[in-house]
Amino acid sequence: MLREITLGQYYPADSVIHKLDPRVKLVATLVYVVSLFLFKGVVGFAVITAFLVLAVKLSKVPFLYMIKGLKAIVILMILSALFNLVLTPGINPVFVLGPIKVYPEGVRMAVLMLIRLSYLIVGTSIMTLTTTPNQLTDGLETGLAPFSKIGVPVHAIAMMMSIALRFIPILIEETDLIMKAQMARGADFEKGNIIQKAKNMVPLLVPLFVSAFRRADDLAMAMEARCYTGGAGRTKMKPLRYGKADALAYIVLFAFLATVIVLRIFGY
Amino acid sequence: MSIIKAKDLVHEYIRRDEDGNVKMIQTAINHVDMDIEEGSFVAVLGHNGSGKSTFAKHINVLLSPTEGTVWVDGKDTSNPLFTYPIRRTAGMVFQNPDNQIIASVVEEDVGFGPENIGVPTDEIWTRVEESLKSVGMIKYRTHSPNKLSGGQKQRVAIAGVMAMEPKCIILDEPTAMLDPNGRKEVLAAVHELNKKKGVTVILITHYMEEVVDCDRVFVMDSGKLVMQGTPKEVFSKVEELKEHRLDVPQITLLAHELKEAGLDIPEGILTREELVEALCRLS
């Protein structure tokens, strides 16, 4: 039952977007998110929609597969739309029910919020769907490298992320094993309400943590034995190199950002 | 020429209570002298708690001597300046195959060591390819380590050490968690490296069968070096080995019992062929 957990949910396909440098995709996601909060009018919205549709088409990931991600946040979306609808102040209410007054501004805000949230999820999921977790950490490490000058341990963070990704399946397997061992001795993980179930998990956590710490200790020793001393003086087996497609992607990206900003200034 | 030399080595694990007072001292290695020839294949035998793993960790500077000195390739391990040069000379493979693989792709894990010591990118690729070939794992270069068997994971770990081009490789019970097939795979790979590349191999183990093909065997018990010699010399002393709570290989034991029963066959028989030959010589 624990094996169903997937992380990073990479969707393997042979597309232009898959082949882009992970740094480009990180920047693109950032630009896209910023643009979502920048646009004001219908024209801006149309430009962003065009950009999103283009990205989805190019990524070769089925659109239905992508909007699966929306399911998880449906409740959040409905709630935030509802709050915006009811709590935005205005002048001429279009709908009154007791103390609840809905203004046209509220309707506008609610619709905007719905659009923003769903676009946010679909857009960012393009990045996680087309980039392997390893590429993502690599991209983060090189992309954030300037911050190491001001004392941010960028290399250490990236290393921790990639080790965590490597050990997730191992720890899941181990949890499964401990569960089975305890079930064999009469433990019941299925019975009772949610609180009861959570309580039943406690005896699972202790051996899991003990074993995780032991693994961490072993791994640290193995890394030291292989001359690991942190980021300084390290070379890369797979260094990130920008190609022609990446340059083109950057041009498209900044043209898009500029368009959105200009449209905002003119209020479209 | 000796590549590893230990002189009067003592290591104590000191356990302290909360105030920092010494609560207990456990002597894991007790005045050991050892000399390992370059290019040889040696085994260090001993049951649990004999100090064999502690000794192995001294060669890789994961532990420092409490007393005495260890030299690896002429370098004193207690000098902090030599820590990394020594770790490049002497690579180490550990017991648990899962807990020593760092990357999520086989070839990236093999490249981890060379990356750490600053090998240029192109050369990393050649080294990774070569060392994966030398352990027969080149087919799996793009696989995830999680999908490999225990023996395959250990071979990847060995390739990871080989990619750093060490003169010597220490294997700390590399087969303890493997099934018989995995055990054979790993040993075959290690023997091949020793023969073809001339890498010195130090195998820490408690499986007697793995020791038969070694050049030299060291037996440790309660932190002391109690026996040493060729496998033949060591295994001919069946009673002495039993005192150190070690068993001899089955064939050797059989030969020993036959001799005890009055047959005229030599001590220290290691393989089935040798026993057959010795038995045929009886008239």
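In which strand of chain B is the place of D172(B)? Select residues 168–172 of chain B: this is strand β7, and D172(B) belongs to it. The model is predicted.

**Stop 1: D172(B)**

Keep D172(B) selected and show what surrounds it. D172(B) counts as buried because its relative accessible area is 6%, under the 20% cut-off. Residues that D172(B) touches, leaving aside those up to four places away in sequence, are S53(B), K57(B), M92(B), V93(B), F94(B), Q95(B) and I204(B). Next, show the side chain of S53(B), which makes a polar contact with the side chain of D172(B) at 2.8 Å. For a longer view, add G223(B): its C-alpha lies 16 Å from that of D172(B), with the two residues 51 apart in sequence.

**Stop 2: the helix and the sheet**

From S53(B), extend the selection to residues 52–59 of chain B, which make up helix α1. This helix lies across β1, β2 and β4 of chain B and runs at about 115 degrees to β1(B).

Now select the sheet itself. It is open and antiparallel, with four strands of chain B in the order β2-β1-β4-β5. The edge strands are β2 (22–37) and β5 (75–76) of chain B; each has a single partner strand, so one side of each has no neighbour in the sheet.

Inside the sheet, pick β1 (residues 2–16) and β4 (residues 67–72) of chain B, an antiparallel pair joined by five bridges. I4(B) has V72(B) in β4(B) as its bridge partner.

Move on to β4(B) and β5(B), which pair in the antiparallel sense over two bridges. Here W71(B) is bridged to D76(B) in β5(B). Two residues lie between the strands of this hairpin, and D73(B) takes a positive phi near 55 degrees.

**Stop 3: where chain A meets chain B**

Show both chains. How many residues of chain A are in contact with chain B? The contact involves 27 residues of chain A and 39 residues of chain B. About 3000 Å² is buried between the chains, with carbon and sulfur atoms giving 54% of that area. Select R166(A), R226(A) and M237(A): together they supply 32% of the area that chain A buries against chain B, more than any other three residues.

Six salt bridges are counted between the two chains. One to display is E224(A) with R87(B), whose closest N and O atoms are 3.4 Å apart. Finish by colouring α8 (154–184) and α9 (194–225) of chain A, the elements that give two or more residues to the side touching chain B. The largest share of that side, eight residues, comes from α9(A).

How values were computed: Residues are numbered from 1 along each chain as its sequence is written. Chains are lettered from A and ligands numbered from 1 in the order in which they are written. This is a predicted model: local features need pLDDT of at least 70, side-chain atom pairs count only at pLDDT 80 or more; totals for chains, interfaces and linings use all residues. Side-chain values use heavy atoms; hydrogens and water are left out. Two strands pair if DSSP finds at least two bridges between them. Contact means heavy atoms within 4.5 Å. Axes are lines fitted to C-alpha atoms, for helices over the stretch in contact, and angles run from 0 to 180 degrees between N-to-C directions. Buried means under 20% relative accessible area, exposed over 50%, partly exposed in between (1.4 Å probe, protein chains only). A polar contact is a pair of N or O atoms within 3.5 Å; within protein, one must be able to donate a hydrogen and the other to accept it, and residues adjacent in sequence count only if both atoms are side-chain atoms. Buried area is the accessible area (1.4 Å probe) that two parts lose on being put together, summed over both. A salt bridge is a side-chain nitrogen of Lys or Arg within 4 Å of a carboxyl oxygen of Asp or Glu.
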